[in-house]
Amino acid sequence: MRIITPPAIGAVTTGQPAQKADRPRTSFELPGARTETPATASSRPAMAAAGLETLLAVQGMQPEDRREKRRRAMQRGRLSLDLLDDLKLSLLAGEPLPAVLLKLRSLTAANLEDSGDPGLDGVLAEIDLRAQVEIAKREAAAKA
């Protein structure tokens, strides 16, 4: 049975001969890599910055992720249902909550975004319609 021990942690062996340490280096170099002229090396940071700006611009122009749209739509639906539930509880308790009406009004004033799911969009439209009806009923009762 042959037992092979791994090399020590600090010991690194390569197939290439070690390079001279007396040579000045301005940056990290791989063995056998070509060296750049100072003019080429100085233009690198500008190219990297331009590449980063381009990448950020492309990311900003991409359409939103479908899951993100769905998540926001579901969050809006839950918030609308919670506010309608708070309104119902306040009516049953006989205490008016104008803050709930204001939140509900501001939520219904914002346009519904298309989530990409027709079923979800339909349910959100119905919730939004119900919220608008409740707001109209409370405003009519307050005027009378």
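1. Helix 2 and helix 3 (residues 98-109) have axes that come within 10 Å and cross at roughly 150 degrees. Since angles over 145 degrees count as roughly antiparallel, helix 2 is therefore roughly antiparallel to helix 3. The crossing of these two helices is left-handed. The model under discussion is a predicted one.

2. The residues that form this contact can be listed for both partners. Helix 2 contributes Arg-76, Leu-79, Ser-80, Leu-83, Leu-84, Asp-86 and Leu-87, which meet Val-100, Leu-101, Lys-103, Leu-104, Leu-107 and Thr-108 of helix 3. Sorted by class, the contact of helix 2 with helix 3 comprises eight nonpolar, two polar and three charged residues.

3. The overall architecture of the chain is as follows. The protein chain contains four helices and zero strands, and its pattern along the sequence reads α-α-α-α. Of its 144 residues, 16% are buried. The exposed surface of the protein chain amounts to about 12,000 Å², of which carbon and sulfur atoms supply 61%. Considering contacts between residues at least 6 apart in sequence, 60% join residues at least 24 apart.

4. The pairing of helix 2 with helix 4 deserves a separate point. The axes of helix 2 (residues 66-93) and helix 4 come within 10 Å, with a crossing angle of roughly 30 degrees. Because angles under 35 degrees count as roughly parallel, helix 2 and helix 4 are described as roughly parallel to each other. Their crossing is left-handed. On the side of helix 2, the contact is made by Arg-70, Ala-73, Met-74, Arg-76, Gly-77, Ser-80, Leu-81, Leu-84, Leu-87 and Leu-91. On the side of helix 4, it is made by Leu-120, Leu-124, Ile-127, Asp-128, Arg-130, Ala-131, Glu-134 and Arg-138. The contact of helix 2 with helix 4 has ten nonpolar, two polar and six charged residues by class.

5. Helix 3 also packs against helix 4. The axes of helix 3 and helix 4 come within 10 Å and cross at roughly 135 degrees, which makes helix 3 oblique to helix 4. Helix 3 passes helix 4 in a crossing that is left-handed. Leu-101, Leu-104, Arg-105 and Thr-108 of helix 3 make the contact with Asp-128, Ala-131, Gln-132, Ile-135, Arg-138 and Glu-139 of helix 4. Four nonpolar, two polar and four charged residues constitute the contact of helix 3 with helix 4.

6. Asp-128 merits individual attention. This residue lies in helix 4 (residues 118-143). Asp-128 has a relative accessibility of 11% and so counts as buried, the cut-off being under 20%. Leaving aside residues up to four places away in sequence, Asp-128 touches Arg-76, Thr-108 and Leu-112. Asp-128 is listed in the contact of helix 2 with helix 4, and it is also listed in the contact of helix 3 with helix 4.

7. Ala-136 is a further residue of helix 4. With a relative accessible area of 42%, Ala-136 is partly exposed. A distance of 9.8 Å separates the C-alpha atoms of Ala-136 and Arg-105, which are 31 residues apart along the chain. Arg-105 itself is one of the helix 3 residues that make the contact with helix 4.

Methods
Residues are numbered from 1 along each chain as its sequence is written. This is a predicted model: local features need pLDDT of at least 70, side-chain atom pairs count only at pLDDT 80 or more; totals for chains, interfaces and linings use all residues. Side-chain values use heavy atoms; hydrogens and water are left out. Buried means under 20% relative accessible area, exposed over 50%, partly exposed in between (1.4 Å probe, protein chains only). Contact means heavy atoms within 4.5 Å. Axes are lines fitted to C-alpha atoms, for helices over the stretch in contact, and angles run from 0 to 180 degrees between N-to-C directions. Angles under 35 degrees count as roughly parallel, over 145 as roughly antiparallel, 65 to 115 as roughly perpendicular and the rest as oblique. A crossing is left-handed if the near helix is turned anticlockwise from the far one by less than a right angle, and right-handed if clockwise. Ala, Val, Leu, Ile, Met, Phe, Trp, Tyr, Cys and Pro count as nonpolar, Asp, Glu, Lys and Arg as charged, and the others, Gly among them, as polar. Accessible areas come from the Shrake-Rupley method with a 1.4 Å probe; for residues, only the protein chains shown count as cover.
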